[in-house]
Amino acid sequence: MYDDQWYNFVPEATNKPTRTSGQPTRSHGRKPSLLQQPNISSDVRSSSEISRPVLAVVEDEGDSFPEPQVLRRAASSSDLIHPRQKYTVRKFSKRTTKASRLPALSLEGYTSADDEEESDCDEQLQEKSRNVYIAYQAQLTLTEGHLDNLISDTDDTLRLLEKLTSSFKAVELQTTSFRSQCEDLIADQERLKKLSDEVGTDLHYYAYLDNATRRLNAPGASKLVDDSSFADIFRHLDSCIDFMSKHTSYRDAESYLARYQSLLTKALHLLETGLSNKLDKVAMNLAPQLNNTNSESAQHALSYDRFGEMTLESYSLVPNIHEVTYRIYDKTGIHKDDIIASEIYEGSAKNMFYTYLSVRDRHMRTIAHRDIEEYKASQAQGVSIESASRKYIKQCFERAFNEVNLFAKIFNVLPRRSPDDDSVYAVLKSHQRFLVNPANMAPPGAAIQAGLQAAELRTICNIVGWLSNEYLVSDYDESDSPFSIFSREYAAALLSDHMWPFVERGFEAEVSKIITKAPVAPESLQIPKVVGPLPVSNAYPTVKVALALLDMFDQCMPKERSKQSATVFNIVRETIRALQRIETKMKATKGSSDSDVFMIKNLLVLRNQLVSLEFGDVRQQSTAGGGALGPIWDTINPQAWVGFLSSIMSAAPLPIWSRGLTGSATPVPPPAPALTQENMSEHLDELLRRAIYAFTGKWAAKVVEAEAKKDDGKTLAAIDVELDTLLENVFGNQREVMDRLKEAIDANVDVQKGKK
């Protein structure tokens, strides 16, 4: 109970030390203290040491009082009475001789009584000085008596404290065991209290069932949804369901769990009913006003501002709805994890969303119909389809933005575009209605597609290209307004779900009409002479159409989608098939142009367009083997087609014909791979290789045959003129292309000569 240092502070009482004979005596020093203890350790102070500061001032003055001294007395009265006579005596004493001194002492007025009077004064002064010291000594004697009494009282106190110390030690020994017993009792009390709290808590989860059942099944329970205490019901039910789910081994846990889940469903159903009644009431109040006005600003104020104000005019209905949606979704509509009774809450939230969308769809159907009719009527009024479509798209984006803001006010969720199937965006998207909202761009998509059915493909591409460039291609800026940010999401949804598939279907129809089913005209069997610096001027008409389609597709589609789209592959495939049909007909028709150079020309044009637009899997290939085409991506462009031929000629020795040469002098073309969307680039390369292989092999055979004739080179010269004329008409001023082809022919000639 008490610290041991407190006991050590009190010294033990012992007898006074005896004075030894060798110790000096002090006449006026203080007597030894009666409380002085023998053999006291250095850390314990004696009573004399404690009282030492009290008398320190007195002891420091010395062992005895100072001896009295005679002070200098003042001048005697006789001196004061006869000053003039003394002065005269001293003055004239110097002038007298020894003989004349005795007469000088007998001055007038000086007698022996004066000397006696002076001696009496000295004795009086000494007596007064001694009286002062005697009084001081008496005062010290009195003080010493008082101090002796204090020391005696202190000794008595110390003895009493020693008795108390021993008593305290005895009490401490007794209380130590008592304290340990009390601590054990306190520990037992805490343990019992904890058990009692746990039992009381567990009983609370069982006892709440009757309270919740009575409140939710009482008459007028529907009014609870507009009370702030209704949110507490959800929190208590969640706690009870969570407890019963974690303690399935408790008595009747499964039964109570099912009953609590049933109560939660009941509470959520009351909330759904309250929201439905509130929305129906608001819509009925605003419907007459909305139908009786033709002002767009008034309709906007009634449909969004006033509708939201009237819906929020409740005590706690909307906050209770927020309490439910917050348990499942975050602010952006993303589904949360680890939700208690998630299936029940999700089902209730979806029902509330569907109820809201149904009421809003009925409320806004008239305005949506009017917007579509205005869009259709604008075409009949002479407004271009592009301008009308742009205006209608912007109008739909504004309505979707207003809808998402109203939805956020009621449900405290701002749905954003998300691939998550459990998000609010996915829930809204699964419930497609006539009303435009962030997840429902089907109405404007269907209306625009219906308006563009009779439009040209170029017009469709312009509208889609404007939508992509206006909202998707522009850089994101933090200072953009919320409307601009959400408009990007609306444009992405409209394009990916409706407009891009519509454009791809339009391209498929156009390809089928002007490429696949294009007739073969007789004049197409002849290669026209190149006009101007553009190599595409004398390309096959079908190839020109394909180039125009690829250019339009590039304008309205982003690169990411065009590389994955089958439209480019379809255009290339049908163009190659058209070229192959012409090639076959040229070989079967006399007087037609060289089919091999025809294929070289048009395949180079087609591949150049694919490379310039970055379509397909056209990339630089290795040049290690003879069958590789070499690097072509960076070298092919409209101004220099020769790069492709240069890569072929310089990639490896004889890369074109080495694969097809056999033991005979007649080369055998290698088979072309099957055309698929994945190997479109490789298929083009192989077809081009086959055409160059056939062309150079055919002309090399002519050269070898002409050299074998002995006509002084006339036949060889004619062949050279014919070859130059052919290449000049086909490739125009592309001298490097012609030189490369000639080099390939010369190399083939050497190969054929070596085989003989």
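**Helix α24 and two loop aspartates**

Okay, let's start with helix α24, residues 714-731: with 18 residues at 1.5 Å each it should span 26 Å, and its end C-alpha atoms are indeed 26 Å apart, so the two agree. Keep in mind that this is a predicted model.

Now, which residues of α24 are buried? They are Ile719, Leu723, Leu726, Leu727, Val730 and Phe731. And these buried residues cover an arc of only 100° around the axis, so they sit on the same side of α24. Flip to the other side of the helix and you'll find Lys714 and Val721, both exposed.

What comes after α24? That's Gly732, and its phi is positive, near 65°.

Sticking with positive phi, there are a couple of non-glycine residues to look at. Take Asp252: it isn't a glycine, yet its phi is positive, near 60°. You'll find Asp252 in the loop that links α8 (230-246) and α9 (253-291). As for how accessible it is, Asp252 has a relative accessible area of 45%. The cut-offs for partly exposed are 20% and 50%, so Asp252 counts as partly exposed.

Then there's Asp338, again not a glycine, with a positive phi of about 55°. Where does Asp338 sit? In the loop between α11 (317-328) and α12 (342-380). Its relative accessible area comes out at 81%, and exposed means over 50%, so Asp338 is exposed.

So if you have the model open, go to α24 and look at its buried side, with Leu723 and Leu727 among the residues there, and then hop over to the loops holding Asp252 and Asp338.

Terms used:
Residues are numbered from 1 along each chain as its sequence is written. This is a predicted model: local features need pLDDT of at least 70, side-chain atom pairs count only at pLDDT 80 or more; totals for chains, interfaces and linings use all residues. Side-chain values use heavy atoms; hydrogens and water are left out. Helices (H or I, at least four residues) and strands (E, at least two) are DSSP runs, numbered from the N terminus. The expected span of a helix is 1.5 Å times one less than its number of residues. Buried means under 20% relative accessible area, exposed over 50%, partly exposed in between (1.4 Å probe, protein chains only). The arc is that of the directions from the helix axis to the C-beta atoms.
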